[in-house]
Structure formats: structure tokens, C-alpha cells
Amino acid sequence: MKVVIGLGNPGKKYDQTRHNIGFAALDACAKEFAMTIDQRKHQGVYGEYRFNGERIYFLKPLTYMNLSGESVRPFLDFYNIQLEDIVVIYDDLDLPVGTMRLRQQGSAGGHNGIKSLIAHLGTEKFKRIRLGVGRPEQGESVANYVLSCFRKGETAQVTDVLQKTVAAVNMWLEKPFLDVMNKFN
């Protein structure tokens, strides 16, 4: 079994925000794999996809970003999923809009959702797909920025990076993550 985890905040008001690009990536995967993400368990909503007889779960924690680990840890424990079989997709301020970086492990880098995952998983060793959302303008607060929607001029870049994310996830279902990193980084 594998789990693709998209980080974001629940509720309509956060739907198209920069902070919810992880949820948007899972929605793009659901569309590509003709599945729904509508089952509830462990403070999250998830969908199940079968690939070559293997179960692949797509999980959106509904605990709000800063408490993501409170959903992910019990979900992994319930299904007895190992950390090497997860990938987390989330927003990154340090990357320009439309860019994607894959990593095998690393620190939280100031991202509160990742801090929560590290605290609840007890390690920094889990795969990540970081999606660039850019930096706020001078004087704009980071909190307001990540909770804002993408600008019209950024829409094509966001669509493109979401398609690349779907392709990366699809490749990970068949190949080692290092191969996926080599192709997409």
C-alpha cells in the first residue's frame, strides 16, 4: 500500500488558496485516476485507487494545515503503512509559482504542516513534492499571502505544475522515488 497525502485547509473559503495546492494536486490525481476522495476516517477524507493490485490511498487531512499530523499518523497506523510508502504534497514559499521540487527527506523549512507531520511521525524521513506558490510582496504578511488565491496571470502555471505532479505520482506507482526525482527535479 502507498499513500499520497495532500496538505491544505478544509472548507470552501480555503478552496483555491495557495496553501491548498496540496489538496488541488489530490483533486487532479482523482480526476486522472477516475476516482473520488470522499471517504472519511481519522479526521481526514480519502479515496482509494488500485494499481496493479496494490491499494493506493489519497488522503486530505481535515485538521487544518498546522495539525496535519493528527490525521496522518492514525491513518498510517490503522492501515499499517510504512513511512517509505508515503509522499506528501504541499505548498512552498521558497519556490516560484509553477515549480516543483521532490525530496526524499528534510526539515520543515518553516512550514507548519510539515512541522506537525515530523512531530507526529517522529522523523523527517518521508518523501515530499513541494509545489511553488511564490513569496508575498514586500510588507504583505505570509499568513494573508498563503490564504489568498492565485492571481489570474498564475493560473496557467498552476495548472501546468498540477499536471506535472499527477505525472510524478503516476510514475512513483511504478518506479522508485529516486527515479521520479531524477526525472522531475
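Tyr 57 is a good place to enter this predicted model: at 0% relative accessibility, Tyr 57 counts as buried, because the cut-off for that label is under 20%. Its aromatic partner is Phe 75, and the two rings meet edge-to-face, with 5.6 Å from centre to centre and 85° between the planes. Since Tyr 57 belongs to strand β4 (residues 54-61) and Phe 75 to helix α2 (residues 69-79), the pair ties together parts that are 18 residues apart in sequence. Phe 75 is buried as well, with a relative accessible area of 0%. Both rings also take part in a cluster, in which ring pairs link Tyr 46, Tyr 57, Phe 75, Phe 78 and Tyr 79.

The strand that carries Tyr 57 deserves a closer look. Of the 8 residues of β4, 6 are buried, so this strand is largely enclosed by the rest of the structure. Strand β4 pairs with β1 in the parallel sense over 4 bridges, and with β3 in the antiparallel sense over 8 bridges. Leu 59 of β4 appears in both pairings: it is the bridge partner of Ile 5, and it is also the bridge partner of Tyr 46, a member of the ring cluster described above. Strands β3 and β4 form a hairpin with 2 residues between the strands, where Asn 52 takes a positive phi near 50°.

Aromatic pairing goes beyond this strand, and the count for the model comes to 10 aromatic pairs. One of them joins Phe 33 and Tyr 49 in a stacked arrangement, with 4.5 Å between the ring centres and 25° between the planes. This pair links distant parts of the chain, for Phe 33 sits in the loop between α1 and β2 (39-41), while Tyr 49 sits in strand β3 (residues 44-51), 16 residues apart. Phe 33 counts as buried because its relative accessibility is 8%. Tyr 49, at 19% relative accessibility, also counts as buried, since the limit is under 20%.

Rings in this model also meet charged side chains. Lys 2 lies over the face of Trp 172, at 4.6 Å from the ring centre. Lys 183 is placed over the face of Phe 184, at 5.7 Å from the ring centre.

Another charged residue, Arg 18, is found in the loop between β1 (2-6) and α1 (21-32). With a relative accessibility of 1%, Arg 18 counts as buried, because buried means under 20%. Its side chain makes a polar contact of 3.0 Å with the side chain of Tyr 145. Leaving aside neighbours within four places in sequence, Arg 18 is in contact with several further residues, among them Asp 91, Val 97, Val 133, Ser 148, Phe 150 and Glu 154.

Finally, helix α3 (residues 112-121) offers a view of helix packing. Its buried residues include Gly 113, Ile 114, Ser 116, Leu 117, Ile 118 and Leu 121. The buried residues of α3 pack against α2, β5 (86-92) and β7 (127-132); helix α2 is also the element that holds Phe 75, the ring partner of Tyr 57. Just after α3, Gly 122 takes a positive phi of about 75°.

Methods: Residues numbered from 1 in each chain as written. Predicted model: local features only at pLDDT ≥ 70, side-chain atom pairs only at ≥ 80, totals over all residues. Heavy atoms only, no water. Buried < 20%, exposed > 50% of the residue type's maximum accessible area, 1.4 Å probe, protein only. Polar contact = N/O pair within 3.5 Å; in protein donor to acceptor, adjacent residues only side chain to side chain. Contact = heavy atoms within 4.5 Å. Phe/Tyr/Trp six-rings, centres within 6.5 Å; stacked < 30°, edge-to-face > 60°. Lys NZ or Arg CZ within 6 Å of the ring centre and 35° of its normal. Pairing = 2+ DSSP bridges.
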